[in-house]
Amino acid sequence: MEQLETSRQVAKYLLDIKAVELQPSNPFTWASGWKSPIYTDNRKTLSYPEVRNYLKHQFSEMIKEKYPETELIAGVATGAIAVGALVAEELNLPMVYVRSSSKNHGLENQVEGVCHEGQKTVVIEDLVSTGMSSLKAVSALREQKCNVQAMMAIFTYGFPIAQESFKQADCQLYTLSNYNTLIELATETGYVHQDQLEKLLEWRNSPETWGK
């Protein structure tokens with residue numbers, strides 16, 4: 001019950017501050033070219049102290065409960081760097097962040113900060129879509145010999161391809177909220193109407209072909 005309450009509260013925050021916007025009748029176009037009835041920008045959570053503190057607290061409690069021996073927090077660039085820093089501060093742990101790719105100058109780092117072989121690491125992410133960019137961060141940390149215990153994200157669309165990718169990568173994924181909870185809450189509160197619900201559910205089932 002507590003997990004469901006957290007999921008609904010996070011979904012409410014994301015809708016209230018417009019970090020998530022739903023437009024089933026006027027779809028967005030993602031960088032991938034996919035048409036989508038939803039657009040998510042969880043960076044907006046940083047502008048609202050109540051929201052960012054809630055996220056910090058929930059991540060910290062989840063880590064203490066599931067991985068109490070965590071030694072390092074890693075934030076995924078760019079969206080989760082600040083949230084990762086907040087969590088690391090709350091837990092009094094060291095922190096690194098992971099670039100999308102290695103720098104092409106200087107030390108050519110992909111993992112920025114100090115990490116050590118075998119460090120038990122929890123990765124913080126803002127959003128999981130297909131899982132590809134998120135798992136690149138996990139791979140980069142493993143290349144540095146970090147012992148990646150899990151990834152924890154603010155929100156996931158819950159795509160089957162992402163679930164399978166995390167399984168194949170042997171990386172446990174936890175999220176504070178998800179697409180199903182958000183759509184349910186949006187329908188209950190009148191943010192979207194019942195006649196729009198079908199489009200939202202169709203998209204989740206086949207996002208790569210939806211709207212074409």
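Helices (H or I, at least four residues) and strands (E, at least two) are DSSP runs, numbered from the N terminus. The model is predicted: local features need pLDDT of at least 70, side-chain atom pairs count only at pLDDT 80 or more, and totals for chains, interfaces and linings use all residues. Residues are numbered from 1 along each chain as its sequence is written, and side-chain values use heavy atoms, with hydrogens and water left out.

**Exercise 1. The sheet**

Give the strand order of the open sheet and explain why one side of β7 and of β10 has no neighbour in the sheet.

Solution.
- Start with the order. Six strands form an open sheet, β7-β6-β5-β8-β9-β10, and the pairing is mixed. Two strands pair if DSSP finds at least two bridges between them.
- Now the edges. β7 (111-112) and β10 (172-178) each have a single partner strand, so one side of each is left without a neighbour in the sheet.
- Recall the general rule. Strands of a sheet pair through backbone hydrogen bonds, either parallel or antiparallel.
- Take β6 (residues 95-98) with β7. They run antiparallel and share two bridges. V98 has V111 of β7 as its bridge partner.
- Take β5 with β6. They run parallel, joined by four bridges. Here A74 has V96 of β6 as its bridge partner.
- Finish with the faces of β6. V96 and V98 are on the covered face. M95 and Y97 are on the uncovered one.

**Exercise 2. Helices on the sheet**

Find which strands α1 lies across and which strands α4 touches.

Solution.
- Helix α1 (residues 2-16) lies across β9 (147-156) and β10. α1 runs at about 60 degrees to β10. Axes are lines fitted to C-alpha atoms, for helices over the stretch in contact, and angles run from 0 to 180 degrees between N-to-C directions.
- Helix α4 (residues 132-143) packs on the sheet and touches β5 (72-76), β6, β7, β8 (120-128) and β9. Contact means heavy atoms within 4.5 Å.
- The direction of α4 makes about 160 degrees with that of β8.

**Exercise 3. The largest pocket**

State the volume of the largest pocket and identify the element that gives the most to its lining.

Solution.
- Fix the term. On a 1 Å grid over the protein atoms alone, a pocket is an open set of points where a 1.4 Å probe fits, with protein on both sides within 12 Å along at least five of seven lines; lining residues have an atom within 4 Å of a point.
- Fix the volume. Grid points are joined across faces, edges and corners, and a volume is the space filled by probe spheres set on the points.
- The largest pocket holds about 710 Å³.
- Its lining has 27 residues. T40, D126, L127, S129 and S133 lie nearest the centre.
- β4 (38-40), β8 and α4 are the elements that give two or more residues to this lining. α4 gives the most, with four residues.

**Exercise 4. T175 and C146**

Locate T175 and C146, classify their accessibility, and list their contacts beyond four places in sequence.

Solution.
- T175 sits in strand β10. T175 is buried, at 18% relative accessible area. Buried means under 20%, exposed over 50%, and partly exposed in between (1.4 Å probe, protein chains only).
- T175 is in contact with A153 and T156, leaving aside neighbours within four places in sequence.
- A polar atom of the T175 side chain lies 3.3 Å from the backbone oxygen of S177.
- C146 lies in the loop between α4 and β9. C146 is buried, at 6% relative accessibility.
- Not counting residues up to four places away, C146 touches L72, C115, H116, G118, Q119, T121 and L141.

**Exercise 5. Backbone exceptions**

Describe the peptide bond from A77 to T78 and the phi values of K18 and D170.

Solution.
- Begin with the background. Most residues other than glycine have a negative phi, and most peptide bonds are trans.
- The bond from A77 to T78 is cis, with omega near -10 degrees. T78 is in the loop between β5 and α3 (81-91). T78 is exposed, at 52% relative accessibility.
- The side chains of T78 and R43 make a polar contact of 2.8 Å. Such a contact is a pair of N or O atoms within 3.5 Å; within protein, one must be able to donate a hydrogen and the other to accept it, and residues adjacent in sequence count only if both atoms are side-chain atoms.
- K18 is not a glycine, yet has a positive phi of about 60 degrees. K18 lies in the loop between α1 and β1 (20-22). K18 is partly exposed, at 44% relative accessible area.
- D170 has a positive phi near 55 degrees. D170 lies in the loop between α5 (160-168) and β10. D170 is exposed, at 66% relative accessibility.
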